[in-house]
Amino acid sequence: MSKLFEPLEIGRLKIPNRFVRSATYYALSDENGYISDGSIELMKTLAEGDIGLIITGYAFVLKHGQVFPDMNGIDRDDHIPAYQKMTRAVHDRNSIIVMQIAHGGSLSTTAAKGKGDYVAVSLTDTVPDYGREPRVLVEEDIQGIIEAFGQAARRVEASGFDGVQIHGAHGYLISEFLSPAANHRKDKWGGSLENRMRFLIEVIRSIKKNVSADFPVMIKLGCRDYLSERDGLTIEDGQQVARAIEKEGISFLEISHGLIDKPFRRKAVKITSPDAEAYMLDAAKAIRSHVSIPICLVGGMRSLPVIESIIDKGIADTISICRPFIREPDFVRRLKNGEKKQVDCISCWGCINPDKEGKNRVYCRQLEKITAKKETA
Ligand SMILES: Cc1cc2nc3c(=O)[nH]c(=O)nc-3n(C[C@H](O)[C@H](O)[C@H](O)COP(=O)(O)O)c2cc1C
Ligand code: SF4
């Protein structure tokens, strides 16, 4: 009997099954990160889909870490009332919700394209060309960001979320500090792995200082970079980081990637056979034996046999899914009812395309095409 619908304890939380909705930005907030009723409706829909644990789209902890002009924010106390509405709506449906908090580092497009501050760990060739050079963080900035993560987590708890997840992956600020490809600093924040992970450790300590002792603090960690032509964060580095953050009190570790380039990016597109699924299985296998906290694997899970084998073989305790829930937010409920064995999502990445006015809109373009065809038939 598969363990997929067995509960799992994550610190003080008991999640009812092994499915996690991985953090997903939905372009539904205003330019200052205030969420809309649309965000609350989205969370209600997910809560009705029997997903074990829902993680919100990333929220910026400081304006210079804002990646998109319509992403969530958690940089001020006056965000709390709207998030309280969101958590009440999810709890009314007996579901569990965690907020992801982030700083985009040199990938903060909104900050880069605006007139305000735009910052980076170092000036390396990993910094994208947005038409202006970022300012390299000085000691005072670094301390300010660490404090901002702590204050953001305090707001997350005050908003009624069941936990907070640190975004420590995908080339954003924490990933940049960890990676030798992006971090060329000569001070105590760069050089050795101990120095490169110092920022993450200080962020965790700041969060812990600002929330209740048993409030679940989780992370989505870029456990390794996948770079083809230069040295990045290795999986051995990732194993050491995972051990260190468990000691700091992280209660749940979602395994993802750090910096990537084209060959790896291709793995995440058009996942049409079981062999192409779970494209970061190598990282999960490598991290598993180095920590005792529950782990979660993200990236390309599409069919029941693959998902079952990851959980039943103990490679991960949970799996997390993003794009398939954009297309079918009720996938888990239907699976539970024995209706489905495979998601409909074809992993085309179309869901994050901008519209004609250049504004990001997140929805399934394939479903749109199918509906249009039906209507013209
Ligand atoms: C529209 C969209 C928005 C995303 N937003 C976030 C986010 O806010 N935070 C995050 O950690 N990852 C984000 N991701 C990445 C996903 O959480 C996930 O790691 C990745 O899509 C691989 O999982 P999948 O194959 O199930 O889609 C986003 C991906 C998509 C397609
Ligand atoms: S557009 Fe639809 S099919 Fe394509 S990745 Fe997004 S959800 Fe999946």
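Does H170 count as buried or exposed, and how many C-beta neighbours does H170 have inside 10 Å? Select H170 and have a look: with 20 C-beta neighbours inside 10 Å, H170 counts as buried. (Buried takes 20 or more other C-beta atoms within 10 Å of a residue's own, exposed takes 12 or fewer, and partly exposed is in between, with C-beta atoms placed from the backbone.)

Before you click on, you should know that this is a predicted model, where local features need pLDDT of at least 70, side-chain atom pairs count only at pLDDT 80 or more, and totals for chains, interfaces and linings use all residues. Residues are numbered from 1 along each chain as its sequence is written, while chains are lettered from A and ligands numbered from 1 in the order in which they are written.

**Two loop residues**

Stay on H170, in the loop between β10 (164-168) and α5 (173-178). (Helices are DSSP runs of H or I with at least four residues, strands are runs of E with at least two, and both are numbered from the N terminus.) Phi of H170 is near 60°, a positive value in a residue other than glycine.

Now jump to K270, in the loop between α9 (262-267) and α10 (281-288). K270 isn't a glycine either, yet its phi is positive, about 50°. K270 has 12 C-beta neighbours inside 10 Å, so K270 counts as exposed.

**F161 and its neighbours**

Next, pick F161, in the loop between α4 (139-158) and β10. F161 is buried, with 26 other C-beta atoms within 10 Å. Leaving out residues up to four places away in sequence, F161 touches T87, I97, V98, M99 and V156. (Two residues are in contact if their C-beta atoms, placed from the backbone, lie within 7 Å.) Add M99 to your selection: F161 and M99 are 62 residues apart in sequence, but 6.7 Å apart in space, C-alpha to C-alpha.

**Two helix pairs**

Show α1 (residues 37-47) and α2 (residues 80-91), which pack at an angle of about 20° with their axes 9 Å apart. (Axes are lines fitted to C-alpha atoms, for helices over the stretch in contact, and angles run from 0 to 180 degrees between N-to-C directions.) That makes α1 roughly parallel to α2. (Angles under 35 degrees count as roughly parallel, over 145 as roughly antiparallel, 65 to 115 as roughly perpendicular and the rest as oblique.) Light up S39, I40, M43, K44 and A47 in α1, which meet K85, M86, A89 and V90 in α2. By class, this contact of α1 with α2 has six nonpolar, one polar and two charged residues. (Ala, Val, Leu, Ile, Met, Phe, Trp, Tyr, Cys and Pro count as nonpolar, Asp, Glu, Lys and Arg as charged, and the others, Gly among them, as polar.)

Swap to α4 and α7 (residues 198-210), whose axes come within 8 Å and cross at roughly 40°. That makes α4 oblique to α7.

**The ligands**

What surrounds ligand 1? You'll find 19 residues, and the closest are S22, A23, Y58, C322 and R323. (Here a residue belongs if its C-beta atom, placed from the backbone, lies within 6 Å of the molecule.) This shell has nine nonpolar, eight polar and two charged residues.

Finish at ligand 2, surrounded by 13 residues, with C345, C348, G350, C351 and C364 the closest. Both α12 (323-327) and α14 (365-376) supply at least two residues of this shell, and α12 gives the most, with three residues.
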